[in-house]
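The report that follows describes one protein model, working outward from a helix to the sheet, a pocket and some individual residues.

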Amino acid sequence: MRHARRRVLLKLSGEAFADSDIGYGISPETVRRVAGEIAEAQAAGHQIGIVVGGGNIFRGVSAAAEGMDPANADYMGMLATVINALALRDAIEATGVECRVQSAITMQQLAEPYIRLRAIAHLEKGRSVIFAAGSGNPFFTTDTAAALRAMEVGAEVMLKASKVDGIYSADPVLDDEAVFLDQIGYMDFISSGLRVMDTTAVTMCMDHKLPIIVFSLLRPGNILRAVAGEPIGTKVC
């Protein structure tokens, strides 16, 4: 059943933006498809805030593990999300729909600074808003930044689009008996040690009763279905 117009926070995996042939960088085809679905959802009246990861360009966790200062590595990861945000904004506006990028790290020539009330005003005027540079703080994932922005702008659901089609009882790549879960409770997710999403983000959503939908970005049409409120992926609630 489709919901009436609603405000959502869409978290896009950076890795899903990668060129499938080389495993990193930005796939223009994927970005255009994602932008088209976002634009279609906006045209239907939905208000969409977006957080994009940066793993297709730079993974701060991996760099820190190889000896780089962890805080410095995280800041570099935040800059990677800005690159993805600019690419997505360009593709969204190419469809004729208005979009703004707000960055948690000030960079006036590229993006607006993150201002909560301004972001809400953009959404109410029918513009999508891409929140770049995470939360602006090292040691926090873009999942956590997405949960934070969702609560700040009053989103009714957080939609996490990645390379997986939902949550399983175990890693389906390693366990043939892994079972797909249509729904799972916050505490069950946390206690199971599932790694589909950062547990800090899930805990924040639990504390504020914000439901999470985990679904695949790779299947065309999924973003539009998720934004419209159709049953898709796994619901964490």
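The buried residues of helix α5 are T142, D143, T144, A145, A146, A147, R149 and A150, where buried means under 20% relative accessible area, exposed over 50% and partly exposed in between, with a 1.4 Å probe and protein chains only. The model is a predicted one, in which local features need pLDDT of at least 70 and side-chain atom pairs count only at pLDDT 80 or more, while totals for chains, interfaces and linings use all residues. Residues are numbered from 1 along each chain as its sequence is written, and side-chain values use heavy atoms, with hydrogens and water left out. Helices (H or I, at least four residues) and strands (E, at least two) are DSSP runs, numbered from the N terminus.

**Helix α5 and its surroundings**

Because 8 of the 11 residues of α5 are buried, this helix is largely enclosed by the rest of the structure. Its buried residues pack against β1 (7-12), β2 (47-52), α3, β5, β6 and α7, contact being taken as heavy atoms within 4.5 Å. At the start of α5, a side-chain oxygen of T141 comes to within 3.3 Å of the backbone nitrogen of D143. This is a polar contact, that is, a pair of N or O atoms within 3.5 Å, of which, within protein, one must be able to donate a hydrogen and the other to accept it, and residues adjacent in sequence count only if both atoms are side-chain atoms. Just after α5, G154 adopts a positive phi of about 75°.

**The sheet**

Nine strands form an open sheet with mixed pairing, in the order β4-β3-β5-β2-β1-β6-β10-β11-β9. Its edge strands are β4 (112-113) and β9 (183-184), each of which pairs on one side only; two strands are said to pair if DSSP finds at least two bridges between them. Strand β1 is mostly covered, with 6 of its 6 residues buried: R7, L9 and K11 point one way from the strand, and V8, L10 and L12 the other way. Three parallel pairings within the sheet are set out below, each with one pair of residues that stand opposite each other.

| Strand pair | Bridges | Opposed residues |
|---|---|---|
| β1 and β2, parallel | 6 bridges | V8 and I48 |
| β1 and β6, parallel | 5 bridges | L10 and L159 |
| β6 and β10, parallel | 5 bridges | K160 and V214 |

Strand β3 (99-103) contains Q102, which counts as buried at 1% relative accessibility. The side chain of Q102 reaches the backbone nitrogen of I115 at 3.3 Å. Leaving aside neighbours within four places in sequence, Q102 is in contact with residues including E112, P113, Y114, I115, R118 and F131.

**The largest pocket**

The largest pocket has a volume of about 1400 Å³. Here a pocket is an open set of points on a 1 Å grid over the protein atoms alone, where a 1.4 Å probe fits, with protein on both sides within 12 Å along at least five of seven lines, and lining residues have an atom within 4 Å of a point. Grid points are joined across faces, edges and corners, and the volume is the space filled by probe spheres set on the points. The lining comprises 45 residues, of which E15, R59, D143, R195 and V196 lie nearest the centre of the pocket. The elements that give two or more residues to this lining are α2 (60-65), α3 (70-93), α5 and β6 (157-162), and α3 supplies the largest share, 5 residues. D143 thus appears both among the residues nearest the pocket centre and among the buried residues of α5. By class, the lining has 15 nonpolar, 19 polar and 11 charged residues, where Ala, Val, Leu, Ile, Met, Phe, Trp, Tyr, Cys and Pro count as nonpolar, Asp, Glu, Lys and Arg as charged, and the others, Gly among them, as polar.

**Loop residues**

Most residues other than glycine have a negative phi. A133, although not a glycine, has a positive phi of about 65°; this residue is found in the loop between β5 (128-132) and α5 (142-152) and is buried, with a relative accessible area of 0%. K209, also not a glycine, has a positive phi of about 55° and lies in the loop between α7 (199-207) and β10 (212-216), where K209 counts as exposed at 70% relative accessibility. G96, in the loop between α3 and β3, counts as exposed at 66% relative accessibility. The C-alpha atoms of G96 and L174, which are 78 residues apart along the chain, are separated by 44 Å.
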